[in-house]
Amino acid sequence: MDNLPQWLDLAVLRAKGLSLGGSLLAALLILLLGRMAARFAAEMLSRMLQRSHTDATLVKFLYNLVYALLMAFIVIAALEKVGVNTTSFIGIVAAAGLAIGLALQGSLSNFAAGVMIILLRHFGVGDRIEAAGQTGRVIDIQIFSTVLVNDEGTRVIVPNNAITSATIKVFAAPIEEVSEHPASGAHAA
């Protein structure tokens with residue numbers, strides 16, 4: 001028994017087991033509490049955006065985005081607590097994020113344009129517009145595209161970046177009975 005290596009010593013194994021068990025318990029606690037905190041933060045953001053009458057689609061998207069980002073940080077913190085070296089993992093995630101960002105450059109510009117359309121509200125669902133060479137009534141404003149129905153009844157899906165990068169014409173309802181609102185007082189009797 002005197003020939004056993006130190007790592008087979010029962011006292012050493014017990015101490016390492018307790019240390020690892022404590023780290024696993026701490027990591028589990030970080031995951032559970034972190035998940036509750038991430039959900040709470042995302043819900044608070046959603047409530048704030050809903051109170052400011054932000055579009056429901058944007059609210060749901062931002063809720064999911066904030067929750068996912070916070071959960072990524074929480075998982076990394078839990079892995080670090082267990083003893084996993086996360087430095088290289090974070091570098092890989094950052095490089096993958098950059099590659100994905102470059103690959104989705106067009107989609108990201110459509111997303112940013114969709115957010116601008118929703119926030120600026122130059123036009124809304126039901127308005128008749130001309131944008132990106134298309135004319136029609138807006139039936140849906142989505143994060144990446146806007147859906148129109150043209151005069152022939154054809155559904156046209158226009159990328160949001162194409163809409164915001166050019167002139168947008170929003171046709172107003174025709175003014176009826178212009179003579180009731182004299183501009184120069186010519187109808188005064």
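A residue counts as buried under 20% relative accessible area, as exposed over 50%, and as partly exposed in between (1.4 Å probe, protein chains only). The model is predicted: local features need pLDDT of at least 70, side-chain atom pairs count only at pLDDT 80 or more, and totals for chains, interfaces and linings use all residues. Residues are numbered from 1 along each chain as its sequence is written, and side-chain values use heavy atoms, with hydrogens and water left out.

**Exercise 1. State how many helices and strands the protein chain has, and the order in which they run.**

Step 1. Helices (H or I, at least four residues) and strands (E, at least two) are DSSP runs, numbered from the N terminus.
Step 2. The protein chain holds five helices and five strands.
Step 3. Read from the N terminus, the order is α-α-α-α-β-β-β-β-α-β.
Step 4. Of the 189 residues, 21% count as buried.

**Exercise 2. Classify Leu 31 by its accessibility and place Leu 31 in its surroundings.**

Step 1. Leu 31 lies in helix α1.
Step 2. Its relative accessibility is 32%, and therefore Leu 31 counts as partly exposed.
Step 3. Leu 31 is one of the residues of a nonpolar surface patch of about 810 Å², whose members also include Leu 28, Val 75 and Phe 89. Patches are made of residues with over 30% relative accessible area and no salt bridge (a side-chain nitrogen of Lys or Arg within 4 Å of a carboxyl oxygen of Asp or Glu); nonpolar side chains (Val, Leu, Ile, Met, Phe, Trp, Tyr) are joined within 5 Å, and like charges within 9 Å. Accessible areas come from the Shrake-Rupley method with a 1.4 Å probe; for residues, only the protein chains shown count as cover.
Step 4. Helix α1 gives the largest share of the patch, four residues.

**Exercise 3. Determine how β3 and β4 pair, and describe the setting of Ser 145.**

Step 1. Two strands pair if DSSP finds at least two bridges between them; β3 and β4 do so in the antiparallel sense over five bridges.
Step 2. The bridge partner of Val 149 in β4 is Arg 155.
Step 3. Five residues separate the two strands of this hairpin, and Gly 153 in the turn has a positive phi of about 85°.
Step 4. Along β4, Val 156 and Val 158 point to one face and are buried, whereas Arg 155, Ile 157 and Pro 159 point to the other and are not.
Step 5. Ser 145 belongs to strand β3. With 11% relative accessibility, Ser 145 counts as buried.
Step 6. Contact means heavy atoms within 4.5 Å. Not counting residues up to four places away in sequence, Ser 145 touches Ile 157, Val 158, Pro 159 and Asn 160.
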